[in-house]
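Student: Could you take me through this model, one question at a time? I would like to see how each answer is reached.

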Amino acid sequence: MLYHVAMTVRLPADMDPAVAGEIKAREKAYSQALQQQGVWRHIWRVAGLYENVSIFDCRDNAHLHEVLTGLPLYPHMDIAVTPLCRHPSSVREDDR
Ligand SMILES: O=C(O)CC1=CCC(=O)O1
């Protein structure tokens with residue numbers, strides 16, 4: 001199942017920059033591993049914001065929940081999920 005996920009990062013202004021840097025490094029590694037596995041299909045920066053728009057390919061809602069709650073930045077994010085289904089005009093066989 002495909003999901004459109006918008007993530008807005010809200011790190012506390014007083015967070016130690018070294019701590020923030022360590023969380024961001026873990027977030028990048030976590031994200032890139034999921035991208036290599038095909039679970040995190042796309043990630044885009046929303047221009048001008050500390051926000052991304054992503055497409056996830058998860059087995060079901062529970063799998064998406066597990067992936068999102070595992071994000072190192074999860075405690076500092078607002079997340080909005082939109083489930084997607086195949087458009088009848090899509091020519092992409094892997095959009096399901
Ligand atoms: O910077 C972000 O939008 C948060 C994030 C998600 C994956 C990643 O590497 O950073």
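Student: In β4, which residue is the bridge partner of L2?

Tutor: Happy to start there. This is a predicted model, in which local features need pLDDT of at least 70, side-chain atom pairs count only at pLDDT 80 or more, and totals for chains, interfaces and linings use all residues. Residues are numbered from 1 along each chain as its sequence is written. Looking across to β4, the bridge partner of L2 is L84.

Student: Over how many bridges do β1 and β4 pair?

Tutor: Strands here are DSSP runs of E with at least two residues, helices are runs of H or I with at least four, and both are numbered from the N terminus. Two strands pair if DSSP finds at least two bridges between them. M7 stands opposite I79 in β4. Strand β1 covers residues 2-9, and its antiparallel pairing with β4 runs over 8 bridges.

Student: And how many bridges join β1 to β3?

Tutor: In β3, V5 has S54 as its bridge partner. β1 and β3 run antiparallel, and the number of bridges joining them is 7.

Student: What is the strand order of the open sheet?

Tutor: Strands of a sheet pair through backbone hydrogen bonds, either parallel or antiparallel. The edge strands, each pairing on one side only, are β2 (40-45) and β4 (77-84). From one strand to the next, the twist averages 15°, with axes being lines fitted to C-alpha atoms (for helices over the stretch in contact) and angles running from 0 to 180 degrees between N-to-C directions. The 4 strands, with antiparallel pairing, have the order β2-β3-β1-β4.

Student: In what sequence do the elements of the protein chain run from the N terminus on?

Tutor: The protein chain has 2 helices and 4 strands. Read from the N terminus on, they run β-α-β-β-α-β.

Student: Which element gives the largest share of the shell around the ligand?

Tutor: A residue is near a molecule if its C-beta atom, placed from the backbone, lies within 6 Å of it. The residues around the ligand are M7, V9, E27, K28, S31, N52 and L73. Two elements, β1 and α1 (17-37), give two or more residues to this shell. The largest share, 3 residues, comes from α1.

Student: Why does S31 count as partly exposed?

Tutor: S31 has its place in helix α1. Leaving aside neighbours within four places in sequence, S31 is in contact (C-beta atoms, placed from the backbone, within 7 Å) with W40 and I43. A residue is buried if 20 or more other C-beta atoms lie within 10 Å of its own, exposed if 12 or fewer, and partly exposed in between. S31 is partly exposed because the number of other C-beta atoms within 10 Å is 18.

Student: Is D60 buried or exposed?

Tutor: D60 lies in the loop between β3 (51-57) and α2 (61-69). Because D60 has 9 C-beta neighbours inside 10 Å, D60 counts as exposed.

Student: How far apart are the C-alpha atoms of D60 and L11?

Tutor: Along the chain, D60 and L11 are 49 residues apart. In space, their C-alpha atoms are separated by 29 Å.

Student: Which residues does the UniProt annotation cover?

Tutor: The unreviewed UniProt entry carries the annotation "domain: Muconolactone isomerase". UniProt positions are given in the numbering used here, feature names are shortened, and annotations may be inferred rather than shown by experiment. In the model, that span is 34% helix and 33% strand, with its end C-alpha atoms 18 Å apart. According to the record, the annotation covers residues 1-89.

How values were computed: Contact = placed C-beta atoms within 7 Å.
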